[in-house]
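Student: Could you teach me how to read salt bridges in a protein model, going slowly from the general idea to the particular case?

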Amino acid sequence: MRPTITRRTALSAAAVTVLLTATACGGNVGGGGGSESAAFPEGPVTLTVGQAAGGSTDLIARALGEGMSEDLGQPVNVVNQPGANGAVATKEVAGKEADGHELVLLNASLITITPLAVSEEEAVDLENLDVIKGLSQDDYVLVASEESGFETLEDIQAAEDLAYGTTGVGTGSQLAQAILFAEAEVEGTEVPFDSGSPALTAVMGNQVQVATIQLGEAKPQIDAGTVTPILTFSAERNEFLPDTPTATEAGYDIPVSQYRALAAPKGLPDETKTRLVEAADATLATESYQSFNEGNLLTPHEISGEEVVTEWNDLRDRYAELVEEHGISLTGD
């Protein structure tokens with residue numbers, strides 16, 4: 001009997017060793033393939049924003065991160081890395097490991113407009129990202145400094161030594177103004193900024209007389225009377241600025257809005273992407289996030305990642321046609 005007991009004991013020990021080894025290596029006894037989903041997130045998630053703190057993109061990221069943190073059960077830390085309309089930050093995130101712990105808040109203009117202003121090597125392509133969720137639409141409004149005295153587009157057309165700001169080379173702000181000023185024969189000096197917040201500050205201080213800003217950023221200063229709304233670039237009058245005409249009403253059809261989406265490095269495991277979509281959807285459905293949208297004058301545009309890719313690529317082609325039609329250079333040269 002003794003040799004038999006010894007053999008069984010050895011076999012049992014070997015089985016335990018195999019089980020422990022498989023567990024340590026992430027093995028899933030019994031199959032099912034759910035171990036990776038259960039493990040995510042293993043720690044804090046970083047949500048990178050390629051724009052300065054305080055702007056619309058930053059505020060969206062923080063509201064989204066707060067809600068997703070609650071759903072995921074891990075902190076979602078927002079990190080600002082402004083520059084090149086978000087290209088620097090987006091490329092850096094795209095080069096990181098696709099494990100779901102590195103995310104980026106995308107501006108559509110980086111994909112749809114910036115490629116018209118930079119070299120192919122500098123441009124950001126959605127092919128290098130997994131788009132998780134479309135979030136919202138933010139309309140542009142052309143505003144003027146109080147000191148300038150401008151109240152209409154005609155005032156701007158008649159101005160001498162005009163300086164106008166944009167939120168950087170290759171942005172929606174630049175494109176909208178470039179098309180409008182080309183068609184309306186407005187001459188002036190373009191002053192690019194890295195994001196909407198410093199451009200708006202420059203208008204408030206009359207360092208530039210006009211700039212095109214996302215409505216969510218500009219509205220508090222419009223309400224305070226420190227800047228004057230001239231026109232919006234939405235297809236119809238914005239409900240939050242009902243007395244401000246559109247560029248279309250002024251005779252210039254310029255359909256440029258800003259869209260935003262959540263993305264991650266290409267190659268996310270299916271289970272991880274599904275979990276991130278669930279967390280984003282749960283956040284967007286909350287009363288607090290819906291109130292955030294309303295309070296920041298954002299129109300929900302909550303579409304799937306696949307729909308974002310199709311829509312933004314179509315917009316990129318449309319804007320390219322407009323630039324060619326009007327002979328516009330977005331390079332700043």
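Student: Which side chains meet Lys 273 in a salt bridge?

Tutor: A salt bridge is counted when a side-chain nitrogen of Lys or Arg lies within 4 Å of a carboxyl oxygen of Asp or Glu, and here the side chain of Lys 273 meets that of Glu 306 at 3.7 Å, N to O. This pair links distant parts of the chain, with Lys 273 in helix α10 (residues 270–284) and Glu 306 in helix α12 (residues 305–326), 33 residues apart. Helices are DSSP runs of H or I with at least four residues, strands are runs of E with at least two, and both are numbered from the N terminus. The model is predicted, so local features need pLDDT of at least 70 and side-chain atom pairs count only at pLDDT 80 or more, while totals for chains, interfaces and linings use all residues. Residues are numbered from 1 along each chain as its sequence is written, and side-chain values use heavy atoms, leaving out hydrogens and water.

Student: Where does Arg 275 form a salt bridge?

Tutor: Arg 275 meets Asp 71 in a salt bridge of 2.8 Å, N to O. Arg 275 lies in helix α10 and Asp 71 in helix α3, so the pair ties together parts that are 204 residues apart in sequence. Asp 71, Arg 275 and Glu 278 are linked in a network of salt bridges.

Student: Is Asp 58 buried or exposed?

Tutor: Buried means under 20% relative accessible area, exposed means over 50%, and partly exposed lies in between, using a 1.4 Å probe and protein chains only; Asp 58, at 3%, is buried. Asp 58 forms a salt bridge with Arg 62, their closest N and O atoms being 2.9 Å apart, and Arg 62 is partly exposed at 38%.
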